[in-house]
Amino acid sequence: MWSSEELERLNEHFQNQPPEALLTWATQTFHPRLALTCSFSGPSGMVLLDMVVRSGLDMTVIFLDTDLLFPETYELAALAEQRYGIPIQRRRPALSLEEQDRQEGPHLYARDPDRCCHLRKVTPLTETLRDYDAWISGIRRDQSNTRATVHLLEWNTRHNLVKINPLAFWSDRQVWTYIHTHRVPYNPLLDQGYPSIGCTPCTRPASASNPRAGRWVGFAKTECGLHTG
Ligand code: SF4
């Protein structure tokens, strides 16, 4: 376990450095027990993937596949694997959709999305992260109120590891400038009125000013649970 003093010192150290410096430090410190999760939905994960490859860093890339993602998301994962020449580990839930329907009843996402996210996202991530000491994610402060206080480095009690958010302080504009400058591939749904993309049944078009309004429409839910707790 890392102390809050150590993490605070590191947060100060990396505050004014580019994300690549933090990614390089993370690799030197945690390899091979370091994983980057990429949803192949939002642009931030693609920026991190590009930075990792461009910086010549070696880390495991994990794609959590709920079996309910958009075709565009699966296509981007395949394209990225080919373009960047790195193996992407695809992790799926223990239950197939048919098994989940038998156990929980059909259309669980429409009745109890928290339970559905728990089975199809949170539990697979928890099981995956048992093998790692540090986890890199693309979440940013400007994405939602629930993410407004994330730090570059945090101790994550749920997974018992250091969570690293190299783009915590980046703006949407910085992300898109990087994407266009480096010609990073991204999910085409982002250009088709879907500023925040998750599973097919739980994602609707939304305005750019309130991107997460298109997620779990009709429920108070705003997070799948991967980045809470
Ligand atoms: Fe289930 Fe929807 Fe959560 Fe996907 S986003 S795991 S379909 S509730």
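**Exercises: a ligand shell, a bent helix and some odd backbone angles**

Helix H7, residues 113-129, gives the most to the shell around the ligand, with five residues. Helices here are DSSP runs of H or I with at least four residues, strands are E runs of at least two, and both are numbered from the N terminus. This is a predicted model, where local features need pLDDT of at least 70, side-chain atom pairs count only at pLDDT 80 or more, and totals for chains, interfaces and linings use all residues. Residues are numbered from 1 along each chain as its sequence is written, and side-chain values use heavy atoms, with hydrogens and water left out.

**Exercise 1.** List the residues around the ligand and sort them by class.

*Solution.* Start with the cut-off: a residue is near a molecule if one of its heavy atoms lies within 4 Å of it. That picks out Leu 68, Tyr 109, Pro 113, Cys 116, Cys 117, Arg 120, Lys 121, Cys 199, Cys 202 and Trp 216. Next, sort them: Ala, Val, Leu, Ile, Met, Phe, Trp, Tyr, Cys and Pro count as nonpolar, Asp, Glu, Lys and Arg as charged, and the others, Gly among them, as polar. You get eight nonpolar, no polar and two charged.

**Exercise 2.** Check the length of H7 and find where H7 bends.

*Solution.* The expected span is 1.5 Å times one less than the number of residues. For the 17 residues of H7 that comes to 24 Å, and the end C-alpha atoms are 22 Å apart, which agrees. Now for the bend, the angle between axes fitted to the seven residues ending at a residue and the seven starting there: H7 bends by about 40 degrees at Leu 119. Leu 119 is also one of the buried residues in H7, buried meaning under 20% relative accessible area, exposed over 50% and partly exposed in between (1.4 Å probe, protein chains only).

**Exercise 3.** Track down the unusual backbone spots at Pro 32, His 107 and Asn 160.

*Solution.* First, the background: most residues other than glycine have a negative phi, and most peptide bonds are trans. Step one: His 31 and Pro 32 are joined by a cis peptide bond, with omega about 5 degrees. Pro 32 is in the loop between helix H2 (19-30) and strand S1 (34-37). Step two: His 107 has a positive phi, near 55 degrees, and is found between helix H5 (97-104) and helix H6 (108-111). His 107 is partly exposed, at 48% relative accessible area. Step three: phi of Asn 160 is positive too, near 60 degrees. Asn 160 lies in the loop between strands S5 (153-156) and S6 (161-164), and counts as exposed at 54%.
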